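Here are some notes on the model you sent, set out as numbered points. Please read them with the coordinates open.

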Amino acid sequence: MRSDRSLPVLAFAAILACGAPALASSCNKDVAVRIEMAPGQTCWTYRGAATTFVGDFSNGQAIAAHMTGEAADYDPRTGQVAKVWRPRDPNVEGPGGFFFGDAEAPGVLTFRTPSTGTYRFSFSPCAMWGAPGAVRICAR
């Protein structure tokens, strides 16, 4: 016999089950934004729902990327869903097979570019793809 308290949990489970294909498909939708810094500018900021950030950097530049994004927290005691901002796990790919994803702190990635070329910043979890986010990439 179920108690009345189990109904919100069952309802939420049903929503998740129905939404699972939608969440999975969001992981396949790559939305790229070009990183464009004006001469003399050292940082670039983006707010929106992009998943990939692409820019050209020179050999030896010190790069710092900070990423946060909107997520949803479900409280089974109240049945409420609250929007919260959480760190995203950034990673970067670059010329010659370069890949780096070892964040020093939640949502923060710093590295030195090993060569001149195009770098692609992305993040996980992909469940945050399509949700609002904030990205700041600085190059010195």
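**Notes on the sheet and its surroundings**

1. In strand 7, Phe 98 is the bridge partner of Gly 94. That bridge belongs to the pairing of strand 6 with strand 7 (residues 98–100), which is antiparallel and extends over three bridges. The hairpin made by strand 6 and strand 7 has three residues between the strands, and within it Gly 96 takes a positive phi near 70°. Please bear in mind throughout that this is a predicted model.

2. Strand 6 (residues 89–94) is also joined to strand 9, in this case by five bridges, and the two run antiparallel. Within strand 9, Ser 122 is the bridge partner of Asn 91.

3. Strand 9 is joined to strand 3 (residues 52–57) as well, again in the antiparallel sense and through five bridges. Here Gly 55 stands opposite Tyr 119 of strand 9.

4. Taken together, these pairings fit into an open sheet of five strands, whose order is 1-3-9-6-7 and whose pairing is mixed. The edges of the sheet are formed by strand 1 (32–34) and strand 7, each of which pairs on one side only. From one strand to the next, the twist averages 25°. As a general reminder, strands of a sheet pair through backbone hydrogen bonds, in either a parallel or an antiparallel manner.

5. A residue that deserves a separate look is Thr 113, which lies in the loop between strand 8 (108–112) and strand 9 (117–124). Is Thr 113 buried or exposed? Its relative accessibility is 2%, and because the cut-off for buried is under 20%, Thr 113 counts as buried. Once its neighbours within four places in sequence are left aside, Thr 113 is in contact with Phe 57, Ser 58, Asn 59, Gly 60, Gln 61, Ile 63 and Tyr 119. Tyr 119, one of these contacts, is the residue of strand 9 that stands opposite Gly 55.

6. For the chain as a whole, the secondary structure comes to one helix and 10 strands, and when read along the sequence it follows the pattern α-β-β-β-β-β-β-β-β-β-β. Among the contacts in the chain with a separation of 6 or more, 62% are between residues 24 or more positions apart.

7. On burial and surface, 31% of the 140 residues of the chain count as buried. The chain exposes about 8,300 Å², of which carbon and sulfur atoms supply 58%.

Definitions and conventions:
Residues are numbered from 1 along each chain as its sequence is written. This is a predicted model: local features need pLDDT of at least 70, side-chain atom pairs count only at pLDDT 80 or more; totals for chains, interfaces and linings use all residues. Side-chain values use heavy atoms; hydrogens and water are left out. Helices (H or I, at least four residues) and strands (E, at least two) are DSSP runs, numbered from the N terminus. Buried means under 20% relative accessible area, exposed over 50%, partly exposed in between (1.4 Å probe, protein chains only). Contact means heavy atoms within 4.5 Å. Accessible areas come from the Shrake-Rupley method with a 1.4 Å probe; for residues, only the protein chains shown count as cover. Two strands pair if DSSP finds at least two bridges between them. Axes are lines fitted to C-alpha atoms, for helices over the stretch in contact, and angles run from 0 to 180 degrees between N-to-C directions.
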